[in-house]
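Visitor: Please choose one part of this model that deserves a close look, and take me carefully through it and its surroundings. I would like the charged groups treated with particular care.

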Amino acid sequence: MSFAADRERAGGEAACVAALDHFIVLDGRMKDLVTAWQIRDAANQVFNDHSDAAYDASILERLANIHGGVVDLLNLLGTSSGE
């Protein structure tokens with residue numbers, strides 16, 4: 001199968017661009033989240049020792065929000081591919 005056929009099966013160029021744009025936003029949010037989980041203050045290289053339960057809970061809440069965005073993306077891809 002060719003790239004063009006895959007693109008059309010996914011809903012065409014506009015659908016592919018929309019899905020990629022959605023993914024890029026999620027990717028950036030996830031990278032920020034992973035950094036925040038590991039390093040509380042990136043500018044001063046203060047590592048997260050996980051002694052602040054409220055801080056860690058806020059990170060987990062952000063992860064739940066990202067999960068919702070991933071579900072939205074998967075639904076978009078499923079809809080555009082006709083599945």
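**A buried acid and its surroundings**

Guide: D56 has its place in helix α3, and everything said about it here refers to a predicted model. The residue is buried and yet has no salt bridge. The nearest side chain of opposite charge belongs to R40, 5.8 Å away, and since a salt bridge requires a side-chain nitrogen within 4 Å of a carboxyl oxygen, that separation does not qualify. Leaving out residues up to four places away in sequence, D56 touches W37, N48 and H50.

One of these contacts, H50, deserves a note on its backbone. H50 lies in the loop between β2 and α3, where its phi is near 60°, a positive value in a residue other than glycine. Most residues other than glycine have a negative phi, which is the reason for mentioning this one. With a relative accessibility of 36%, H50 counts as partly exposed, whereas D56, which it touches, is buried. Another positive phi, of about 55°, belongs to Q45, again not a glycine; Q45 is found in the loop between β1 and β2 and, at 46% relative accessibility, is partly exposed.

R40, the nearest side chain of opposite charge to D56, does take part in a salt bridge, but its partner is D52, with the closest N and O atoms 3.3 Å apart. R40 lies in strand β1 (residues 39-41) and D52 in the loop between β2 (46-47) and α3, so the pair ties together parts that are 12 residues apart in sequence. Both members are partly exposed, R40 with a relative accessibility of 35% and D52 with a relative accessible area of 30%. R40 also lies over the face of Y55, at 4.1 Å from the ring centre, although the structure holds zero aromatic pairs.

Y55 leads from these charged groups to the nonpolar interior, as it is one of the eight residues of the largest nonpolar core, whose other members are A19, L26, L33, A36, I59, I66 and L73. Helices α2 (13-38) and α3 (53-80) each supply at least two residues of this core. For a single member, I66, the contacts beyond four places in sequence are L26, R29, M30 and L33, of which L26 and L33 also belong to the core.

The search of the whole structure finds two salt bridges, and the one not yet described joins K31 to D27, with the closest N and O atoms 3.0 Å apart. Here the partners are four residues apart in helix α2 and therefore separated by about one helical turn, whereas the bridge between R40 and D52 links a strand to a loop. K31 is exposed, with a relative accessible area of 52%, while D27, at 28%, counts as partly exposed.

To return to the starting point, side chains of opposite charge can pair when their charged atoms come close. In this prediction, R40 is bridged to D52, and D56 remains buried without a salt bridge, in contact with W37, N48 and H50.

Conventions. Residues numbered from 1 in each chain as written. Predicted model: local features only at pLDDT ≥ 70, side-chain atom pairs only at ≥ 80, totals over all residues. Heavy atoms only, no water. Phe/Tyr/Trp six-rings, centres within 6.5 Å; stacked < 30°, edge-to-face > 60°. Lys NZ or Arg CZ within 6 Å of the ring centre and 35° of its normal. Core = buried A, V, L, I, M, F, W, Y, C linked by side-chain atoms within 4.5 Å. Buried < 20%, exposed > 50% of the residue type's maximum accessible area, 1.4 Å probe, protein only. Contact = heavy atoms within 4.5 Å. Lys, Arg positive; Asp, Glu negative; His and termini not counted.
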